[in-house]
Amino acid sequence: MSKITVLIVMGVSGTGKSTIGTMLSEQLGIPFFDGDDYHPEANVKKMSAGRPLNDHDRQGWLLRLNELAKEYQSTGAVIACSALKQSYRDLLRQGMNEKLAFVFLEGSFELIKSRLESRKGHFMTSTLLQSQFDTLEPPEDAITVSIALQPTEITEQVIKQLE
């Protein structure tokens with residue numbers, strides 16, 4: 001995996017971050033962490049109530065994920081995290097030098113909305129999708145892959161670009 005030891009699989013909700021992150025971690029032999037598991041309860045309640053998070057809501061969560069990335073920078077990890085804005089990615093990258101890379105899962109609003117509507121029991125509903133697209137600042141320095149591909153094709157493309 002070259003110098004890169006931590007991968008952040010990013011994109012709006014419904015792009016398959018957890019699925020692709022899990023597959024990458026299995027293929028690379030490193031642990032996977034779902035960033036959603038690190039949201040404080042207040043964030044989960046806010047999203048469950050249909051209200052989008054703001055920068056202040058996300059800051060502590062992103063700093064915790066940065067600490068997690070630092071914990072695994074010598075052994076490697078894959079972390080699923082929306083990382084919608086450049087400022088969020090900058091927080092995640094703090095102290096990581098060139099050991100961290102982003103994988104951007106890109107897809108159309110319509111495809112992602114249909115995925116969210118078929119997903120049951122998740123706190124992030126399709127009603128918040130537009131707020132995520134409004135917040136999204138697509139990264140220029142990421143491995144970008146279309147979610148229209150099959151998951152195995154996505155992971156193959158990512159691994160090929162890491163080599």
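## Helix α1 and its surroundings

The buried residues of α1 (under 20% relative accessible area, 1.4 Å probe, protein chains only) pack against β1 (6-10), β2 (32-34), β3 (77-80), β4 (100-106) and α7 (151-162). Those buried positions are Lys-17, Ile-20, Gly-21, Met-23, Leu-24 and Ser-25.

This is a predicted model: local features need pLDDT of at least 70, side-chain atom pairs count only at pLDDT 80 or more, and totals for chains, interfaces and linings use all residues. Residues are numbered from 1 along each chain as its sequence is written, and side-chain values use heavy atoms, without hydrogens and water.

## Helix length and end

Helix α1 covers residues 17-28, twelve in number. From first C-alpha to last it reaches 16 Å, close to the expected 16 Å (1.5 Å times one less than the number of residues). Just after α1, Gly-29 has a positive phi of about 70°.

## Crossing with α7

The axes of α1 and α7 (lines fitted to C-alpha atoms over the stretch in contact) come within 10 Å and cross at roughly 55°. The two helices are therefore oblique to each other (neither under 35 degrees, nor over 145, nor 65 to 115).

Contact means heavy atoms within 4.5 Å. Ile-20, Met-23, Leu-24, Gln-27 and Leu-28 of α1 meet α7 residues including Pro-151, Ile-154 and Val-158. By class, this contact has nine nonpolar, three polar and no charged residues.

## Thr-15

Thr-15 sits in the loop between β1 and α1. Thr-15 is buried, at 2% relative accessible area. Beyond neighbours within four places in sequence, Thr-15 contacts Leu-105, Ile-112, Arg-115 and Ile-147. Thr-15 and Arg-115 lie 100 residues apart in sequence, yet 8.0 Å apart in space, C-alpha to C-alpha.

Key
Helices (H or I, at least four residues) and strands (E, at least two) are DSSP runs, numbered from the N terminus. Buried means under 20% relative accessible area, exposed over 50%, partly exposed in between (1.4 Å probe, protein chains only). Axes are lines fitted to C-alpha atoms, for helices over the stretch in contact, and angles run from 0 to 180 degrees between N-to-C directions. Ala, Val, Leu, Ile, Met, Phe, Trp, Tyr, Cys and Pro count as nonpolar, Asp, Glu, Lys and Arg as charged, and the others, Gly among them, as polar.
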